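Okay, thanks for squeezing me in, everyone. I'll put the structure up and then walk you through it.

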Amino acid sequence: MRPRDTLPLTPLLLVEDDQELAAMLAGLLTEEGYAVDLAPDGQRGLHRALSREYDVIVVDRGLPGIDGLDLLVRLRSSGVATPALILSALGTPADRVEGLDAGAEDYLAKPFDVAELLARLRALRRRHLDQARLLPVGDEMLNLDTREVGRAQLSERECDLLATLASRPGHVFSRTELLARVFPGAVGEVVVDTYVHYLRRKLGRAIVTTVRGRGYRLGEGAS
């Protein structure tokens, strides 16, 4: 058991409709130092994952309403990159491939060993933390701690904007979406255009592509 008074709890979303299994897992995970948020179906799991920040998601594949694979597809298409592990009674190689292709980082078949589940979650978090502070931008890496791309130094908002675009290189972000994600509280979408101009001035025009009538995405020269 971890000393909870000295270590911060790790926010974890558990999406599981089996009440007995969910209660057992929630208790074990809490003892391991996780702050468990339990969702009993796919719809509520989707809502919580879109509206709150978690370090890891554990999702059952066979859920009522929205199944686990569809939930992950929707999260990834919405830009949620939280690492996820699927729990499922379906455990063939084809089932695992389907789950990983849907956006999961790991897949564990039921029945499972609790110690293995905990070890996989620790590994997931380590990999995520190792990668989370660097984002590829073309041939360079955006360092989220120093806000540097190559030799260019970005402001906090420039870094946030580029990180948002780089998190989903092929996705076109509308100005409204970027305003909400990067400039909360700002009035008017012109601030988005202004900071796109700043990024292009520092990193070159190819860094951000304008998609007419839709918004912006990471530029072809940076993808």
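**The overall picture**

Of the 223 residues in this protein, 42% are buried. Keep in mind that what's on the screen is a predicted model. Along its principal axes, the C-alpha atoms fill a box of roughly 55 × 40 × 35 Å. If you count up the secondary structure, you get eight helices and 11 strands. As for contacts with a separation of 6 or more, 54% of them join residues 24 or more positions apart.

So how is the protein divided? There's domain 1, covering 10–134, and domain 2, covering 138–218. The C-alpha centres of the two domains lie 30 Å apart. And they do touch: seven residues of domain 1 are in contact with seven residues of domain 2.

What does the UniProt record say? An unreviewed entry there lists residues 11–125 as "domain: Response regulatory". In the model, that stretch is 47% helix and 22% strand, and its end C-alpha atoms sit 11 Å apart.

**Around the start of domain 1**

Let's go to strand β1, where we find Thr 10. Thr 10 has a relative accessible area of 5%, and because the cut-off for buried is under 20%, Thr 10 counts as buried. Setting aside residues up to four places away in sequence, Thr 10 touches Gly 33, Tyr 34, Ala 35, Asp 55 and Arg 125.

Just past that strand there's the loop between β1 and α1, and Glu 16 lies in it. Asp 17 is in the loop between β1 (10–15) and α1 (19–31) as well. Which of these is buried and which is partly exposed? Glu 16 is buried, at 2% relative accessibility, whereas Asp 17 is partly exposed, at 33%.

Now look at what they touch, again leaving out residues within four places in sequence. Glu 16 is in contact with Leu 21, Ala 22, Leu 38, Ala 39, Pro 40, Asp 60, Leu 63 and Lys 110. For Asp 17, the list is Pro 40, Asp 60, Gly 62, Leu 63 and Pro 64. If you want some distances, the C-alpha atoms of Glu 16 and Gly 45 are separated by 8.8 Å, with those positions 29 residues apart along the chain. Asp 17 and Thr 146, on the other hand, are 42 Å apart in space, C-alpha to C-alpha, and 129 residues apart in sequence.

**Two backbone oddities**

A bit of background here: most peptide bonds are trans, and most residues other than glycine have a negative phi. With that in mind, check the peptide bond from Lys 110 to Pro 111, which is cis, with omega near -5°. Pro 111 is in the loop between β5 (106–109) and α5. And remember that Lys 110 was one of the contacts of Glu 16.

The other one is Arg 147, which isn't a glycine but has a positive phi of about 60°. Where is Arg 147? In the loop between β7 (140–143) and β8 (148–149). Arg 147 is partly exposed, with a relative accessible area of 31%.

**Over at the far end of the chain**

Next up is Arg 217, in strand β11, residues 215–218. Buried or exposed? Arg 217 comes out as buried, at 16% relative accessibility. Not counting neighbours within four places in sequence, Arg 217 has contacts that include Leu 165, Pro 169, Gly 170, His 171 and Val 172. Others among them are Ile 207, Val 208, Thr 209 and Val 211. The C-alpha atoms of Arg 217 and Phe 173 are separated by 6.0 Å, though the two are 44 residues apart along the chain.

**The pocket**

Last stop. The largest pocket holds about 1300 Å³ of space. There are 34 residues lining that pocket, and the closest to its centre are Gly 79, Ala 81, Thr 82, His 128 and Ser 167. Which elements give two or more residues to the lining? Those are α2 (42–51), α5 (114–132), α6 (156–167) and α7 (175–182). The largest share, seven residues, comes from α6.

Both domains take part, with at least three lining residues drawn from each of domain 1 and domain 2. And by class, the lining of the largest pocket has 15 nonpolar, eight polar and 11 charged residues.

That's it from me, happy to rotate the view for anyone.

Note on methods
Residues are numbered from 1 along each chain as its sequence is written. This is a predicted model: local features need pLDDT of at least 70, side-chain atom pairs count only at pLDDT 80 or more; totals for chains, interfaces and linings use all residues. Side-chain values use heavy atoms; hydrogens and water are left out. UniProt positions are given in the numbering used here, feature names are shortened, and annotations may be inferred rather than shown by experiment. Helices (H or I, at least four residues) and strands (E, at least two) are DSSP runs, numbered from the N terminus. On a 1 Å grid over the protein atoms alone, a cavity is a set of points where a 1.4 Å probe fits but cannot get out, and a pocket is an open set with protein on both sides within 12 Å along at least five of seven lines; lining residues have an atom within 4 Å of a point. Grid points are joined across faces, edges and corners, and a volume is the space filled by probe spheres set on the points. Ala, Val, Leu, Ile, Met, Phe, Trp, Tyr, Cys and Pro count as nonpolar, Asp, Glu, Lys and Arg as charged, and the others, Gly among them, as polar. Domain bounds come from an automatic or database domain assignment. Buried means under 20% relative accessible area, exposed over 50%, partly exposed in between (1.4 Å probe, protein chains only). Contact means heavy atoms within 4.5 Å.
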